[in-house]
Amino acid sequence: MNTASVSDSAREFSPGLSVRGIAPPLRLREVSLYSALYLNELLYYLLERQTAYPELFDYYRQALHLLTEAGSPEPVLRQFELLLLEALGYGLDFSTDALSGLPIEPQLHYLYRAEYGFVQAPGNGSGMDRYEGRHLVAMGSGCLETADEL
């Protein structure tokens, strides 16, 4: 049996070779298994081949372990998605109104403008294109606990 060593900096190995001694297998079942497959798909389609992403590897490993423990996978998935966006240079600022520079207020509503970020919505109404400030604050702090925050 061929073995491959895994470099801590590159985290790469050649296809067709087995890797031993890295970690025990994870016991992923049902929703956790499908969630792990979703993470794999994100990485497969979004990352450039032959490029090392050591910080993402650590996030990925941590997310897989959390999926084996967590009751609901959604908080783990949303946090990983945000970290992935940040690592790819598409991170979002959930703490500041992009136009005024003021902190996001939990009681207000915001619109997302691709060229700026989140900006305070005019008026007090709600709508499909509006985000509650409390949800943005929760996303920014990583406290994703309720269904409407996820």
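1. Which side chains meet in a salt bridge with a separation, N to O, of 2.9 Å? In this model, which is a predicted one, the side chains in question are those of D58 and R61. Both residues belong to helix α2, which covers residues 54-69, and because they are 3 residues apart there, about one helical turn separates D58 from R61. As for their surroundings, D58 is partly exposed, with a relative accessibility of 31%, and R61 is likewise partly exposed, at 39%.

2. The count of salt bridges comes to 3, and another of them joins E81 to R78, whose closest N and O atoms lie 2.6 Å apart. This pair sits in helix α3, made up of residues 74-87, where E81 and R78 are 3 residues apart and therefore separated by about one helical turn. A reader new to the structure may wish to look at the accessibility of these charged partners, since E81 is buried and R78 is buried as well.

3. A further salt bridge is formed between E132 and R134, with the closest N and O atoms at a separation of 2.7 Å. Here E132 has a relative accessible area of 29% and is partly exposed, while R134, at 38% relative accessibility, also counts as partly exposed.

4. Helix α3 deserves a second look for its packing, as its axis and that of helix α1 (residues 30-46) come within 11 Å of each other and cross at roughly 10°. Because angles under 35 degrees count as roughly parallel, α1 is described as roughly parallel to α3. On the α1 side the contact is made by S35, Y38, L39, L42, L43 and L46, and on the α3 side by L77, F80, E81 and L84. Sorted by character, the residues of this contact between α1 and α3 comprise 8 nonpolar, 1 polar and 1 charged. E81 thus appears in two of these points, being a residue of the helix contact and also the salt-bridge partner of R78.

5. Finally, it is worth following L111, a residue of strand β1, which spans residues 109-113. Is L111 buried or exposed? Its relative accessibility is 9%, so L111 counts as buried. Along the chain L111 and R130 are 19 residues apart, yet their C-alpha atoms are separated by 5.0 Å. When neighbours within four places in sequence are left aside, the residues in contact with L111 are G117, F118, V119, A121, P122, D129 and R130.

Terms used:
Residues are numbered from 1 along each chain as its sequence is written. This is a predicted model: local features need pLDDT of at least 70, side-chain atom pairs count only at pLDDT 80 or more; totals for chains, interfaces and linings use all residues. Side-chain values use heavy atoms; hydrogens and water are left out. A salt bridge is a side-chain nitrogen of Lys or Arg within 4 Å of a carboxyl oxygen of Asp or Glu. Helices (H or I, at least four residues) and strands (E, at least two) are DSSP runs, numbered from the N terminus. Buried means under 20% relative accessible area, exposed over 50%, partly exposed in between (1.4 Å probe, protein chains only). Axes are lines fitted to C-alpha atoms, for helices over the stretch in contact, and angles run from 0 to 180 degrees between N-to-C directions. Angles under 35 degrees count as roughly parallel, over 145 as roughly antiparallel, 65 to 115 as roughly perpendicular and the rest as oblique. Contact means heavy atoms within 4.5 Å. Ala, Val, Leu, Ile, Met, Phe, Trp, Tyr, Cys and Pro count as nonpolar, Asp, Glu, Lys and Arg as charged, and the others, Gly among them, as polar.
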